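Colleague: Before I read any labels on this model, could you show it to me and then let me ask what stands behind each one?

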Amino acid sequence: TQMNDGRWAFISGNGYNSVNEKPVLLIQYLDGDKSLKTIQPSDPACPVAVKGNGLSAPQFLDINGDGIPDMVYAGDLCGNIWKFDISSTTASNWGVAFGGTPLFTAQYTNSATGSSSRQPITTAPVLRPNRKVGGLMVAFGTGQNLTEGDRTEKSVQTVYSVLDNTRYTVETTGADKGRVRIKTSAPTPSPVSNGRSDLLKQDVINGASAGTAGDKASLGREFWKLSTEEVTYVCEAGDTVCEAKIKKGWYLDLPMAGERVTKNIGFFDGSNILEI
């Protein structure tokens, strides 16, 4: 892709099983000196117990429609969704959004034992505008199939959709005319920092062992009926009952032991329905 500094580059994550075990966005210039630029969070936000960490496949966001990516979203094996700001015309200004912290960290807690574990992200997230409150919904699934142990691993994995509330403006004058800038107020850009408590839980209604049997062309297949709880993103002023229900997205735990998302998810037939 062409970059906002006018140069052409190939952008990727550094990948799982990286040597330094940290998530790094790689920008390999294809012109000029063909140098490699790296953007790495100063705090990897990862427990020592998670080995082989690295940045997974990236998703680009072109805000002003000029064909040049302004933001990049990508996950890592520690369950972090990172956002990188590459909107400036000066490459030295590129960096990790939200002050270097992840937008969200995927983590599952076993209600019976109380133990928590990070949920790895190996696929690229997908993006959709939130037309109710503005901002962007960032949807992704968790799970990996990279090691011998993953073949029999049965931990719970999840599909998430979280709100990035960031607003943007476009420069109208000067040398940076037409370039994107992050607005720092109204509302202040902020990560979804409280984990699942910030999200509305969705469920498989008919249970993990009671899928609905298909017939005719779908004979021999089973289908799951899902809850469709509407997320409350905003309330009328003074409605304290409603305000207690405000969330920043939703999540759905996959119903079968060992299920995981290892292929990029998308939207069914151009709709807002996620297809996994």
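Modeller: This is a predicted model, in which local features need pLDDT of at least 70, side-chain atom pairs count only at pLDDT 80 or more, and totals for chains, interfaces and linings use all residues. Residues are numbered from 1 along each chain as its sequence is written, and side-chain values use heavy atoms, with hydrogens and water left out.

Colleague: Where is Asn 17 found, and why is Asn 17 called exposed?

Modeller: Asn 17 is found in the loop between strand E1 (9-13) and strand E2 (25-29), where helices (H or I, at least four residues) and strands (E, at least two) are DSSP runs numbered from the N terminus. Buried means under 20% relative accessible area, exposed means over 50%, and partly exposed lies in between, with a 1.4 Å probe and protein chains only. Asn 17 has 57% relative accessibility, so Asn 17 counts as exposed.

Colleague: What is notable about the phi of Asn 17?

Modeller: Most residues other than glycine have a negative phi. Asn 17 has a positive phi of about 60° although it is not a glycine. Lys 34, in the loop between E2 and strand E3 (36-39), also has a positive phi, of about 50°, and its relative accessible area of 52% makes Lys 34 exposed.

Colleague: How many aromatic pairs are there, and what makes Phe 104 and Phe 140 a tilted pair?

Modeller: Rings of Phe, Tyr and Trp (its six-membered ring) pair if their centres lie within 6.5 Å, and planes under 30 degrees apart count as stacked, over 60 as edge-to-face and the rest as tilted. By this rule the count comes to four aromatic pairs. The centres of Phe 104 and Phe 140 are 6.3 Å apart and their planes stand at 55°, so this pair is tilted. Phe 104 lies in strand E8 (residues 104-105) and Phe 140 in strand E12 (residues 136-141), so the pair ties together parts that are 36 residues apart in sequence.

Colleague: How do you know whether Phe 104 is buried or exposed?

Modeller: Phe 104 has 1% relative accessibility and therefore counts as buried, as does Phe 140 at 0%. Phe 104 and Tyr 160 have ring centres 5.2 Å apart and planes at 55°, so this pair is tilted. Phe 104, Phe 140, Tyr 160 and Tyr 251 form one aromatic cluster.
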